[in-house]
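Trainee: I would like to learn how to read a model like this one. Where do we start?

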Amino acid sequence: MYVKISMKPLLVAVAVAFGMSLSTGALAVDADAALSLARQNGCLKCHSVDKHKDGPAYRDVAAKYKDKDHAETVKKLINHITSGEKAKFPDGHEEEHKIIKVKDLAQQTNLIEWVLSLPGGVWPEKD
Ligand code: HEC
């Protein structure tokens, strides 16, 4: 009897903590990992979070896709950074977009989810 009474709140606490870690684990974006992956792959030569360089500002990419189906967008953008599809540059020329060196889908997904999570962008771009 004593054991039953004392275990119950403990079990509830464990269940709550476990449920919380599961749900944040599924949604959390590791921004530090995303940024360092972008840096290592030279993405930041052509992109920044908030300024247009040769490529669009990442927060503006988030604005471009914010009303689109999220899962489809993630797939499309992973394809964009892994397939070498044609990218249009500001001067009008086209070349194959940079292919990310990392093959790990989880890391690629984290990078794209981070881009899509950035607030404050506008589309069409203004800068
Ligand atoms: C040599 C310059 C250059 C590099 C390096 C580069 N990009 Fe880009 N990126 C571009 C240009 C230019 C566009 C615009 C393409 C277009 O609209 O046709 C673009 C577009 C994008 C987009 C938006 C695609 C869309 O559908 O709107 C994403 C996301 C992106 N790049 C991510 C990355 C990542 C991640 C890396 C590093 C692995 C990277 N880029 C490296 C030039 C570059």
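**Reading the ligand shell and the helix packing**

Mentor: Start with the ligand shell. Its residues divide into 12 nonpolar, six polar and five charged. Keep in mind that this is a predicted model.

Trainee: How many residues surround the ligand, and which are the closest?

Mentor: The ligand has 23 residues around it. The closest are Cys 43, Cys 46, Gly 55, Ala 87 and Lys 88.

Trainee: Which elements each supply at least two residues of that shell?

Mentor: Helix 3 (58-65), helix 4 (70-82), strand 1 (86-88) and helix 5 (105-117) each do. Helix 4 gives the most, with three residues.

Trainee: What is the order of elements along the chain?

Mentor: From the N terminus on, the run is α-α-α-α-β-β-α. That is five helices and two strands.

Trainee: Now the packing. How do I describe a helix pair?

Mentor: Two packed helices are described by the angle between their axes and the distance between the axes. Here, helix 3 and helix 5 pack at an angle of about 80°, and their axes are 6 Å apart. Angles of 65 to 115 degrees count as roughly perpendicular, so helix 3 is roughly perpendicular to helix 5.

Trainee: Which residues make the contact?

Mentor: From helix 3, Tyr 58, Val 61, Ala 62 and Tyr 65. From helix 5, Val 115, Leu 116 and Ser 117. By class, the contact residues are six nonpolar, one polar and no charged.

Trainee: I see a spacing in the helix 3 list. What is the general idea?

Mentor: An α-helix has 3.6 residues a turn, so residues three or four places apart point the same way. Check the helix 3 side of the contact against that: Tyr 58, Val 61, Ala 62 and Tyr 65.

Trainee: Is helix 3 mostly covered or mostly open?

Mentor: Mostly covered: seven of its eight residues are buried. These are Tyr 58, Arg 59, Asp 60, Val 61, Ala 62, Ala 63 and Tyr 65. The cover includes helix 4 and helix 5. For the chain, buried residues make up 18% of its 127 residues.

Trainee: Take His 70. Why does it count as exposed?

Mentor: Count neighbours. A residue is exposed if 12 or fewer other C-beta atoms lie within 10 Å of its own. His 70 has 11 within 10 Å, so it is exposed. His 70 sits in helix 4. Its C-alpha atom is 8.9 Å from that of Leu 116, 46 residues apart along the chain.

Trainee: And contacts over the chain?

Mentor: Take those between residues at least 6 apart in sequence: 63% join residues at least 24 apart.

Technical notes: Residues numbered from 1 in each chain as written. Predicted model: local features only at pLDDT ≥ 70, side-chain atom pairs only at ≥ 80, totals over all residues. Near = placed C-beta within 6 Å. Helix = DSSP H or I, 4+ residues; strand = E, 2+ residues; numbered from the N terminus. Nonpolar A, V, L, I, M, F, W, Y, C, P; charged D, E, K, R; others polar. Axes fitted to C-alpha atoms, helices over the stretch in contact; angles between N-to-C directions. Parallel < 35°, antiparallel > 145°, perpendicular 65-115°, else oblique. Contact = placed C-beta atoms within 7 Å. Buried ≥ 20, exposed ≤ 12 C-beta atoms within 10 Å, placed from the backbone.
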